[in-house]
Amino acid sequence: MTRPDDRKRELEAKLRAYVGADIGAPEVGEDPVNEPMIRHWCQALGDANPAYTDPERAKRSVHEGIVAPPTMLQAWVLQGIDMAIPGALPMNKQRELHALLSEYGYTSVVATDTEQTYERYLRPGDQISATTVIESVSEEKATALGIGYFIDTRTTFRDQDGAEVGSMTFRVLKFKPSQPPQVATADAAPARPQRLRAPRAHDNGWWWEAIDRGELRIQKCSACGELRHPPRPMCGKCQSTEWESIAASGRGTVYSYVVMHHPPIPGYEFPLPVALIDLEEGTRIVSNVVGCPPEDVHIGMPVEASVDAVGDELKLPLFRPVQ
Amino acid sequence: MSAQGIRFDGVKVGDTLPELAIELTASLIVGGALASRDYTPVHHDRAAAQAQGMSDVFMNILTTNGLVGRYVTDWAGIDAVIKRVAIKLGGPNLPGDTMRMTGTVKAVHAGEGVVEVEIAGKNAWGNHVTGTVSVALPQPA
């Protein structure tokens with residue numbers, strides 16, 4: 001039986017053979033640089049620079065005529081629809097390297113960095129070809145996406161005279177996903193990040209259900225009358241487990257606060273004021289102060305709550321300054 | 001884009017570019033991928049994107065690169081010449097979100113008339129893209 005370390009050594013020996021290799025024959029653009037493809041690209045991306053589409057204005061510019069957007073560089077050699085058809089593209093060293101890593105379980109790929117330099121802008125009629133070298137393959141790295149290998153390539157773009165017109169370095173991570181890919185369902189990652197939701201359990205579900213109805217409630221000990229928040233099963237003062245709840249007026253004052261700047265957690269707006277509010281009934285609640293610049297929040301500030309929707313599925317009591 | 005354009009002697013380190021908010025529609029994402037001839041399925045086929053754990057099609061790196069170039073020439077004008085675009089990608093650009101682009105002049109190189117602009121494009125996930133664009137601007141005659 002092969003031990004995992006041997007298998008990794010075997011893979012890394014194979015990977016080393018690719019470093020420094022030309023991936024194969026130059027990739028040659030099917031069409032020369034041309035105005036219809038430039039116009040289509042500018043329309044799709046909303047780029048109104050007349051250097052790309054207005055011959056008269058382009059002539060009077062530093063470009064002295066129509067040029068292609070420099071960032072279109074790679075578009076002139078890409079293969080189009082064949083990229084979507086399994087097996088349609090001929091094998092080269094780059095695809096071989098990706099296939100090798102897939103075979104060892106590093107099945108996913110993501111582009112992380114790219115740098116392009118331009119020797120000159122391209123003009124209609126230029127015929128572009130590209131050659132690519134695999135510059136390096138990293139050691140195995142642990143990343144947020146999963147463990148994998150970074151592959152760096154350098155592509156040189158040349159015109160019909162063989163003169164270099166630009167170059168590109170490209171880094172991809174070929175990795176084992178730390179979470180298996182999801183089958184396509186409505187549970188796929190949300191289109192927008194949502195705020196974290198509190199787990200609803202036996203002791204606090206009733207409080208969140210009230211919030212869902214737009215009510216801010218406070219738990220009250222049935223034995224001694226002490227108020228408490230967040231909801232919990234036993235009174236901290238008299239140890240009774242009998243409780244009821246009262247409606248909060250929502251009025252209070254800022255007891256203390258922080259303004260969070262970092263780390264920027266998806267789903268929240270930053271800077272984010274997080275405040276401990278003294279409710280007028282006599283207990284405290286942690287929430288956000290909204291409706292004023294974060295720098296205006298201060299200790300003793302009178303505030304008032306309203307239960308608002310934040311994101312698609314969550315309501316929260318948020319506090320605003322009392323006008 | 002700015003009608004007059006920017007001249008090299010009118011730029012100093014610390015200048016900021018006007019913010020640009022780009023609505024991320026499926027049309028922009030799919031249209032940008034196909035206009036750059038990138039037919040990788042995850043950029044135009046929702047089922048393929050979902051099979052990778054994404055909620056929908058997501059923007060390809062060539063469109064991001066193109067929007068970064070557009071953002072800089074929207075500010076600098078027709079006579080600007082982009083020399084270099086270097087970007088790092090963060091969270092995905094997905095339909096329904098908005099990418100807000102900002103830029104700051106980080107360096108000016110008097111000899112070549114080149115300025116370096118540091119750019120960022122933020123969406124609801126945080127930074128979609130950060131990077132640097134070097135652009136040659138017209139010099140006084």
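Strands here are DSSP runs of at least two residues, and they are numbered from the N terminus. With that in hand, Pro271(A) can be placed in the loop between strand E10 (251-260) and strand E11 (272-279) of chain A. The model is a predicted one.

Stay with Pro271(A) for a moment. The peptide bond that leads to Pro271(A) from Phe270(A) is cis, and its omega is near -5 degrees. Another cis bond joins His229(A) to Pro230(A), with omega near 0 degrees. Pro230(A) also sits in a loop, between strand E8 (227-228) and strand E9 (243-247) of chain A.

Now look at the strands on either side of Pro271(A). E10(A) and E11(A) pair in the antiparallel sense, and eight bridges link them. Two of the facing pairs can be named. Val258(A) has Val274(A) in E11(A) as its bridge partner. Val259(A) stands opposite Pro273(A), again in E11(A). Strands of a sheet pair through backbone hydrogen bonds, in either a parallel or an antiparallel way.

E10(A) has a further partner. E10(A) pairs with strand E13 (residues 302-310) of chain A, antiparallel once more, over three bridges. Here Arg251(A) has Glu304(A) in E13(A) as its bridge partner.

Step back to see the whole sheet. Five strands of chain A form an open, antiparallel sheet in the order E12-E11-E10-E13-E14. Why does one side of strand E12 (284-288) and of strand E14 (314-321) lack a neighbour in the sheet? Each stands at an edge and has a single partner strand, so one of its sides is left free of a neighbour there. On average, neighbouring strands of this sheet are turned by 35 degrees against each other, direction ignored.

The start of chain A holds a helix. H1 of chain A covers residues 4-16, which makes 13 residues. From first C-alpha to last, H1(A) reaches 18 Å, close to the 18 Å expected at 1.5 Å a residue. H1(A) is hardly covered: one of its 13 residues is buried.

Two residues deserve a look for their backbone angles. Glu64(A) has a phi near 55 degrees, a positive value in a residue other than glycine. Glu64(A) lies in the loop between helix H4 (55-59) and helix H5 (93-103) of chain A. Arg37(B) has a positive phi too, near 65 degrees, and is likewise not a glycine. The loop that holds Arg37(B) runs between helix H1 (26-35) and helix H2 (46-51) of chain B.

Is each of these two residues buried or exposed? Glu64(A) counts as exposed, because it has 11 C-beta neighbours inside 10 Å. Arg37(B) is buried, because 22 other C-beta atoms lie within 10 Å. The cut-offs behind these words are 12 or fewer for exposed and 20 or more for buried.

Last comes the contact between the chains. Chain B gives 46 residues to the contact and chain A gives 42. On the side of chain B that touches chain A, H1, H2, helix H3 (61-76) and strand E2 (81-89) of chain B each supply at least two residues. By class, that side of chain B has 22 nonpolar, 15 polar and nine charged residues.

Strand pairing also crosses from chain to chain. Strand E2 (residues 108-118) of chain A pairs with E2(B) in the antiparallel sense, over five bridges. One facing pair is Thr117(A) with its bridge partner Arg84(B) in E2(B).

Technical notes:
Residues numbered from 1 in each chain as written. Chains lettered and ligands numbered in written order. Predicted model: local features only at pLDDT ≥ 70, side-chain atom pairs only at ≥ 80, totals over all residues. Helix = DSSP H or I, 4+ residues; strand = E, 2+ residues; numbered from the N terminus. Expected span 1.5 Å × (residues − 1). Pairing = 2+ DSSP bridges. Axes fitted to C-alpha atoms, helices over the stretch in contact; angles between N-to-C directions. Contact = placed C-beta atoms within 7 Å. Nonpolar A, V, L, I, M, F, W, Y, C, P; charged D, E, K, R; others polar.
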